[in-house]
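Thank you all for coming; I would like to walk you through one structure this morning, going from one end of a helix to the cysteines and then to the packing. Please have the sequence and the model in view while I talk.

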Amino acid sequence: MNKIISFFYLGIEFLRMKKILFLFLLIFLQESIYAQNQKFHTEVLVVGGTTGGIAAGLQSARTGAKTTIIEQTNWLGGMLTAAGVSCTDGNNALPSGLWEEFRQALYAHYQTKNLATGWVSETCFEPHVGDSIFKAFALQEKNLQVQYGWYFDKALKNGTKIMGASFTNLKGDKLEVTADITIDATDLGDVFASAGAGYDLGTEDSSQSGEKIAPGKSNVIQDLTWAATLQDYGRSADKTIEAPPGYDPKKYYCSTSDAPCFEKPYAFNTLKVLDYGKLRVTKGRPNKYMLNWPPHGNDSYLDVVEMKAIDREKAYTAAKNQTLGFIYFLQTTLKQKNIGFAEDEMNKGMAFVPYHREGRRVKGIVRFNIDHIKSPYQYQLYRTGISVGDYPVDHHHGQYPGKVPPIPFPEVPSFNIPLGALIPKGIEGLVVCEKGISVSNIANGTTRLQPVVLLTGQAAGALAANAVIKRGQNIAGTDVREVQEALLQSKCFIMPFVDVKQQDPTWSIIQKIGATGLMEGTGKSVSWANKTYFYPDSLMQLGSLIQSMNKSFGKVFKMVPPDARKISVSLQNLVDLFRFHFAEINSDLSVESKLASLEKIFTTYQLPKRKLTDALTRKEIAVFLNYFYDPFKIKVDMDGKYYLQE
């Protein structure tokens with residue numbers, strides 16, 4: 001009997017233990033399911049911690065919106081850092097917004113403003129330093145969180161309204177983030193494609209882009225590059241890697257003047273080619289080099305745009321092998337065995353992600369093309385400018401296995417990008433930055449560069465936060481001037497005037513007056529750093545100002561006085577104009593009360609005191625136009641057209 005009782009209690013204990021184990025298992029499974037299927041809400045969701053994505057996230061958070069960045073790598077900065085393209089292109093003379101904040105942080109880190117170590121750029125730095133700077137910026141923002149290791153899966157939609165996005169990781173876990181506003185900061189436009197927005201891919205014909213020089217429709221996009229960071233380990237070192245699968249040295253012939261070549265050899269020798277991307281390093285550290293070399297180097301043509309983000313990883317093997325082959329060629333054929341991977345950079349010297357020059361381009365409520373860049377004042381989009389660039393049009397097609405339609409790239413001045421290019425047509429709750437903004441294939445050749453993308457991302461963050469905080473999430477109904485004002489407060493250029501510095505107390509006024517069209521700049525093509533000049537110290541004819549008024553407001557204003565074309569603008573001229581014409585537009589105008597306070601204006605903006613009859617410089621005209629009238633009170637739509645308030 002005792003044995004039976006013992007077995008009975010043992011059975012009960014066994015069942016009890018099974019129940020406990022079952023409960024533990026249930027709890028474990030619930031926790032695992034929770035871990036694998038996370039969900040949360042944020043006001044602004046930024047898909048991609050790319051160059052544009054980190055800028056968008058920072059600006060949105062600073063503006064006051066609860067913001068989340070979801071990034072597939074564990075780095076921030078995209079092509080500037082994780083893709084290893086850490087010698088930047090353009091905007092050296094346009095110290096705008098986060099671009100300038102980033103450079104100032106680089107100057108502080110390296111304890112010098114001389115970052116022109118590589119001959120391709122005025123700003124060269126180590127990728128890991130850039131990543132650290134962006135992470136430090138992010139940590140300072142209480143409204144910003146960042147999650148790493150998640151690949152974009154699909155957009156969450158309710159009809160044409162984007163409600164957020166879902167993600168997956170390499171373990172198969174799932175993440176769902178709902179948001180008031182979502183920003184597509186992916187390199188290839190994955191979010192707006194998933195959302196059902198219209199887009200273009202490849203070259204265009206004139207009927208698509210509106211450009212006479214458009215080469216014709218094709219699916220050809222620019223080459224990508226799998227960059228690497230190399231290091232000089234000293235002449236006695238041997239850092240030679242194994243040749244990658246399918247290595248063919250002929251791919252790299254003519255890459256430098258030292259290389260074998262069956263055609264005209266490249267002009268520069270191997271050391272000069274390495275110096276192309278020589279990076280600034282901390283004093284006393286060995287030389288490092290960005291390997292991003294187009295002529296018979298490590299550019300690749302891959303058709304991966306329409307793949308899911310996580311599925312592209314296998315396809316990228318070909319681009320990685322192209323780079324590994326070029327490194328092996330450098331080490332063997334070009335006898336640079338001492339040059340090897342900088343193992344403290346990125347993925348032991350290899351980039352985490354490719355440098356995509358081009359992907360999908362969304363069909364936005366505005367399409368920005370090369371004609372808008374060439375001749376901004378023939379159009380109105382410049383009035384809605386939110387980011388600036390000065391690089392010429394530059395396309396990479398050396399690796400495409402076929403004939404690329406020829407494009408006669410024109411000379412261009414510096415330019416600004418219109419706000420409407422960030423807003424998809426027919427889709428609500430979505431903003432686009434990075435390279436997928438609404439531009440033509442040709443224009444993409446300059447809007448894609450790192451500083452421009454950083455600034456466009458900053459504008460996307462300002463737009464998204466404005467929609468959340470002020471506009472009830474209505475992006476298309478955004479007040480252009482509100483976004484521009486927010487960007488000016490963040491020291492962002494909305495007009496690319498190179499000759500009025502931010503330290504000038506009149507800088508923001510001149511930016512605003514330039515964006516009204518009442519005073520136009522003069523654009524010039526200047527090699528690899530194009531310019532637009534305001535000429536602040538020059539005089540201006542009264543007739544020119546009145547013509548600008550006619551053009552801007554769509555009205556016919558009389559010349560005051562009749563011989564205005566021969567007279568330089570004076571304060572008296574402006575007072576007369578305000579009395580006769582500006583009062584028609586702004587009934588709140590009170591010239592006399594403002595004249596009584598002129599003393600303060602001279603002092604505030606450090607202007608010389610003028611008599612009413614003295615000729616004014618363009619800088620002074622801008623200040624008095626803004627003081628007497630404040631042209632930003634007149635609103636513009638996304639096409640840049642003025643609409644007068646009732």
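Let me begin at D630, which comes just after helix α19 and takes a positive phi of about 55°. I should say at once that this is a predicted model, and what I describe is to be heard with that in mind.

Staying with α19, which spans residues 618-628, 11 of its 11 residues are buried, so the helix is largely enclosed by the rest of the structure. The buried residues include nonpolar ones such as I621, F624 and L625, but R618, K619 and E620 are buried in α19 as well.

Two of those residues, F624 and L625, bring us to the interior, since they are among the residues with the most contacts inside the largest nonpolar core, which has 136 residues. The others in that group are F167, I183, I417, L422 and L574. As for where this core comes from, its largest share, 11 residues, is supplied by α12. If we take I417 and set aside its neighbours within four places in sequence, we find I417 in contact with F368, T384, G385, I386, S387, L422, I437, T447, V452 and T456. Apart from that core lies another, of 47 residues, and C87, Y253, W293 and V353 are among them. As general background, nonpolar side chains in soluble globular proteins tend to be buried together.

Now, how does α12 sit against α3? The axes of α3, residues 97-110, and α12, residues 450-469, come within 7 Å and cross at roughly 120°, and that angle makes α3 oblique to α12. On the α3 side the contact is made by G97, L98 and W99, which meet P451, L454, L455 and Q458 in α12. Sorted by class, this contact of α3 with α12 has 5 nonpolar, 2 polar and no charged residues.

I mentioned C87 in the second core, and C87 also leads to the cysteines, where the structure holds 2 disulfides. One of them joins C87 to C124, with an S to S distance of 2.4 Å, and the link is right-handed, with 120° about the S-S bond. Because C87 lies in the loop between β2 and α3, and C124 in the loop between α3 and α4, the pair ties together parts that are 37 residues apart in sequence. C87 counts as buried at 2% relative accessibility, and C124 is buried too, with a relative accessible area of 0%.

The other disulfide is formed by C254 and C261, whose sulfur atoms are 1.9 Å apart, and this link is also right-handed, with 100° about the S-S bond. Here C254 counts as buried, at 5% relative accessibility, whereas C261 counts as partly exposed, at 24%. If the bonded cysteines of the chain are numbered in sequence order, the pairing reads 1-2, 3-4.

That leaves a point about two further cysteines: why is C433 not bonded to C492? The sulfur of C433 has its closest cysteine sulfur in C492, 13 Å away, and that is too far for a bond; C492, in turn, is in no disulfide. C433 is buried, with a relative accessible area of 0%, and C492 is buried with 2%.

Note on methods. Residues are numbered from 1 along each chain as its sequence is written. This is a predicted model: local features need pLDDT of at least 70, side-chain atom pairs count only at pLDDT 80 or more; totals for chains, interfaces and linings use all residues. Side-chain values use heavy atoms; hydrogens and water are left out. Axes are lines fitted to C-alpha atoms, for helices over the stretch in contact, and angles run from 0 to 180 degrees between N-to-C directions. Helices (H or I, at least four residues) and strands (E, at least two) are DSSP runs, numbered from the N terminus. Angles under 35 degrees count as roughly parallel, over 145 as roughly antiparallel, 65 to 115 as roughly perpendicular and the rest as oblique. Contact means heavy atoms within 4.5 Å. Ala, Val, Leu, Ile, Met, Phe, Trp, Tyr, Cys and Pro count as nonpolar, Asp, Glu, Lys and Arg as charged, and the others, Gly among them, as polar. A disulfide is a pair of cysteine sulfur atoms within 2.5 Å. Buried means under 20% relative accessible area, exposed over 50%, partly exposed in between (1.4 Å probe, protein chains only). A nonpolar core is a set of buried Ala, Val, Leu, Ile, Met, Phe, Trp, Tyr and Cys residues joined through side-chain atoms within 4.5 Å.
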